[in-house]
Amino acid sequence: MTVTQRIWWKDGVVYQIYPASYKDSNNDGLGDIPGIISKIDYIKDLGINIIWISPMYDSPQHDMGYDISNYEAVYAPYGTVDDMERLVEACHSRGMRLILDLVVNHTSDEHEWFKESRSSKDNPKRDWYIWKPARYAADGTRIPPNNWRSFFSGSAWQWDEHTQEYYLHLFAKQQPDLNWENPVTRRAIYDSAMEFWLKRGVDGFRVDTVNMYSKGTELKDAPIIDPGIFEQPASGLFCNGPRMHEFLREMNAEVLSKYDTMIVGELPHTPDPAHVLRYVGSGDKQLDMVFQFDIVDLGTGKTHKYEYEGYQLSGMKEVIRKWQQFIDGSDGWTTAFCENHDQGRSVSRYTSDAPQWRERSAKMLAMMMCAMTGTLFIYQGQEIGMINAPKDWPIEDYKDIESVNYYNSVAQRTNNDPKALGHVMKSIQILGRDHARLPMQWDSTPYAGFTGKKDGAWMRTHDLYKEINVASQLNKPSSVLNFWKKMLKTRKDYKDLFIHGQFDAFDMQNQETFVFGKRFGNDRAVVALNFTDEEQVFKRPDVGGKMELLVGNVEGGDGSEEKLMPYEGRIYLVC
Ligand code: NOJ
């Protein structure tokens, strides 16, 4: 059995808010902190204990706030530091906690630290970022220090005319990477990005790209896996570098250990469970838990995310099993999530968003998520079954730097080849980060009740907001929203099994149904989910007891049926 201690962040359910798209209180078309405060009771009523708010810091917004120009200020259209203190108080007074996004792999190029760093080669902050001289090809052409590709297309190096060197940016060129090798930089990060907010009562952080701070000092070329282009994917070289664990231990000792916090890190490109346990084992104080991205990476392309390849249900089962079971017998902890601000909506990606299936699909996914071990994360709008933007939206309706840059790079490379661009659009329609960033659908008034601005929100509102919105679901007992409430309550009522239990997968090769078990002491449950739009045979696993239906998403069944209806889900207790 998992060695499990009961700590608030294990039993809690986290609700992620994307400030730009949650609720606009002053009709400027952008969401804001007062807007979030106005919805706190809605969130509490859903059954949430912890709110995670994506970056609300001052920022030029090249990457929606993941490019921070001042850790100690709030982006003015979102509000003020005082508003954030009110938000902390609004959460705490209701018995909820608030965690912030900690983005310290990079800052904005408009951060004062970077402005100083780029001002001259002998500026005291020059070494706070990663600067390197150019290389030169045989014909004298200037080339970057290595061939690393940035996550947002193109080279990860930007040439600086003024000081005649390149700086590293794993993301956009407006997001220069901080140099964690420098202890003075690390101390400044701890003070400005962490202590400033912990002293104001926040309860922890979701840590952006937590395994990229230590890049080593060699910075060598990545192997060529995408021939014909200079820049190559290089995550294997800059993730989990030599001093990564040391840095996180230090962060924990110097800052986090002084507070009662929850720390969840983004841990991409770390496939080895033993390695992940080093980050989340309670003995080696680094992180409390991490996000493993295999579930949301399903079907993404090998050379680029937006070369979508599709995936099979057996693949999903495999990654869920892996990251559910990796903590068995250890004191590590895991997370359960299938949406966030960087992903397409789960109903559209994993099930069906067709009108006849989308509600049942959303409920089935709620069952899957609520039965999983670990801290559960829900993304705004998931609780009402929001779906991807319609397929007829042109590229001009997409705003995200990742999709737009990739689309433009393919357009340039292929001379606007319609076939290549059509393929990119298909991928964006499934995986685009914008799908999660559409305004929250509150009601059926113009712009989904998100904003009162006459010409609408910063981002196009979903065409179907009149059909999918909070107001229409609140008082409808059979709605997706009320189903989520019921499932979150069920998760809490049976927390040993669902939050802390051990996970067993059955019939792994079945591409239509996903059947898994949960165990805790003598308690057992079985979860059966039909991932297709056709009836499927329900192969009962041999669990050596009588299976009694606890909850289902199809009305009228008693659980004895040998078939699962399209997108039907059932959870049984074994007696
Ligand atoms: C991961 C964040 O989730 C994503 O939105 C962001 O673009 C990158 N890190 C860079 O900060």
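**Close-up 1. Polar contacts between the ligand and side chains in the predicted model**. In this predicted model, the side chain of His106 places an N or O atom 3.0 Å from an oxygen atom of the ligand. Arg206 contributes a polar side-chain atom that lies 2.9 Å from an oxygen atom of the ligand, while for His341 the distance from an N or O atom of the side chain to an oxygen atom of the ligand is 2.8 Å.

**Close-up 2. Surroundings and coverage of the ligand**. The ligand on its own has 300 Å² of accessible area, of which the protein covers 97%. It is surrounded by 13 residues, and the closest of these are Asp63, Arg206, Asp208, His341 and Asp342.

**Close-up 3. Packing of helix α8 with helix α9**. Helix α8, spanning residues 244-254, and helix α9, spanning residues 273-280, have axes that come within 10 Å and cross at roughly 25 degrees. Because angles under 35 degrees count as roughly parallel, α8 is roughly parallel to α9. On the α8 side the contact is made by Met244, His245, Leu248 and Arg249, and on the α9 side by His275, Arg278 and Tyr279. Taken by residue class, the contact of α8 with α9 comprises three nonpolar, two polar and two charged residues.

Technical notes
Residues numbered from 1 in each chain as written. Predicted model: local features only at pLDDT ≥ 70, side-chain atom pairs only at ≥ 80, totals over all residues. Heavy atoms only, no water. Axes fitted to C-alpha atoms, helices over the stretch in contact; angles between N-to-C directions. Helix = DSSP H or I, 4+ residues; strand = E, 2+ residues; numbered from the N terminus. Parallel < 35°, antiparallel > 145°, perpendicular 65-115°, else oblique. Contact = heavy atoms within 4.5 Å. Nonpolar A, V, L, I, M, F, W, Y, C, P; charged D, E, K, R; others polar. Near = heavy atom within 4 Å. Polar contact = N/O pair within 3.5 Å; in protein donor to acceptor, adjacent residues only side chain to side chain. Areas by Shrake-Rupley, 256 points an atom, 1.4 Å probe, with all protein chains shown as cover.
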